[in-house]
Amino acid sequence: MKFSIGGSLKLAFRPWVEGLENIPAEGPAILASNHLSFSDSFFLPAVLDRKVTFIAKAEYFTSPGVKGKLTAAFFKGVGQLPVDRSGARGAGEAAIKSGIDVIERGELFGIYPEGTRSPDGRLYRGKPGGLARVALATGAPVIPVAMIDTEKIQPPGKVVPKLMRPGIRIGKPLDFSRYHGMDGDRFILRSVTDEVMYEIMKLSGQEYVDIYATAAKRQIADAEKAAARSEKAEAAQSAEKAEPAASDGDK
């Protein structure tokens with residue numbers, strides 16, 4: 001997949017990269033990145049010599065039909081691991097276990113601390129579960145990564161991507177070995193996550209918002225629904241006002 005999709009991406013979009021020297025030639029590490037676009041999981045592995053394993057929702061691997069099988073084959077080919085989001089604690093525990101397994105194999109594990117794509121290009125609060133718990137349970141270094149302008153290539157709803165150069169900034173590894181084994185302390189988890197998010201913010205230049213991206217998406221959806229209801233009410237009122245005027249004209 002690196003030679004086919006990765007080569008094509010580099011040829012077509014010519015992504016620029018800073019900080020490649022911060023990726024270890026061997027041994028485990030956690031790549032913690034901001035998340036602007038679906039394509040983030042392809043551009044980052046494309047510019048690295050080593051394999052990066054991300055996690056993906058299980059639905060990508062279980063959809064029926066020919067399209068579903070092709071989708072599953074594609075995600076397996078690019079190194080994605082399926083995570084079952086059902087169960088009492090959902091994707092969180094599955095993501096943590098998957099990440100620890102990858103690290104224990106001495107490989108690179110990619111994770112998006114925000115938990116979902118940014119709805120507006122800003123950087124949102126990191127979730128303290130997956131990233132910090134994998135780092136503290138394994139002692140692996142955390143490498144902050146900033147994806148630049150990937151959301152402009154294929155915004156939501158656009159089928160044909162825009163040919164432009166995205167960027168990738170890779171920061172210096174962060175060592176949290178001083179907290180090794182303290183993955184049950186929620187204050188430590190929060191501190192580790194915030195430190196990583198701060199480094200991502202410096203690399204990306206994004207505006208930071210101290211709420212979760214999932215909450216921001218709900219707020220945006222609620223605002224859109226409220227606006228739609230308001231427009232519908234205004235249209236109904238306009239129609240009601242127009243009816244008497246039409247009746248007077250008929251008389």
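Which residues are linked with R122 in a network of salt bridges? This predicted model gives the answer in the first view below.

**View 1. D120, R122 and E207 form a linked network of salt bridges.** Start with R122 and D120, whose side chains meet in a salt bridge at 3.1 Å, N to O. R122 has a second partner in E207, with the closest N and O atoms 3.5 Å apart. E207 sits in the loop between α8 (186-204) and β9 (208-209), while R122 sits in the loop between β5 and β6 (123-124), so this pair ties together parts that are 85 residues apart in sequence. As for solvent, R122 is partly exposed at 29% relative accessibility, and D120 is partly exposed too, at 36%.

**View 2. E199 and K202 pair up within helix α8.** Here the salt bridge brings the closest N and O atoms to 3.5 Å. The two residues are 3 residues apart, which is about one turn of the helix. Across the whole structure, a search turns up 10 salt bridges.

**View 3. Seven strands make an open sheet with mixed pairing.** Reading across, the order goes β1-β8-β7-β2-β5-β3-β4. β1 (16-18) and β4 (80-83) are the edge strands; each has a single partner, so one side of each is left without a neighbour in the sheet. From one strand to the next, the twist averages 25 degrees.

**View 4. β7 and β8 run antiparallel.** Residues 142-148 (β7) and 167-170 (β8) are joined by 4 bridges. Look for I148, which stands opposite G167 in β8.

**View 5. β3 pairs in parallel with β5 and with β4.** On the β5 side, 2 bridges hold β3 (residues 52-57), and V52 has L108 as its bridge partner. On the β4 side there are 4 bridges, with K57 standing opposite V83.

**View 6. Helix α6 lies across β2, β5 and β7.** The helix covers residues 130-138 and runs at about 165 degrees to β2 (29-33).

**View 7. S33 is a buried residue in strand β2.** Is S33 buried or exposed? With a relative accessible area of just 2%, S33 counts as buried because the cut-off is under 20%. Its side chain makes a polar contact with the side chain of N34, at 3.3 Å. Beyond its neighbours within four places in sequence, S33 is in contact with I111, Y112, P113, V145, M147 and I200.

Technical notes. Residues are numbered from 1 along each chain as its sequence is written. This is a predicted model: local features need pLDDT of at least 70, side-chain atom pairs count only at pLDDT 80 or more; totals for chains, interfaces and linings use all residues. Side-chain values use heavy atoms; hydrogens and water are left out. Two strands pair if DSSP finds at least two bridges between them. Axes are lines fitted to C-alpha atoms, for helices over the stretch in contact, and angles run from 0 to 180 degrees between N-to-C directions. Contact means heavy atoms within 4.5 Å. Buried means under 20% relative accessible area, exposed over 50%, partly exposed in between (1.4 Å probe, protein chains only). A polar contact is a pair of N or O atoms within 3.5 Å; within protein, one must be able to donate a hydrogen and the other to accept it, and residues adjacent in sequence count only if both atoms are side-chain atoms. A salt bridge is a side-chain nitrogen of Lys or Arg within 4 Å of a carboxyl oxygen of Asp or Glu.
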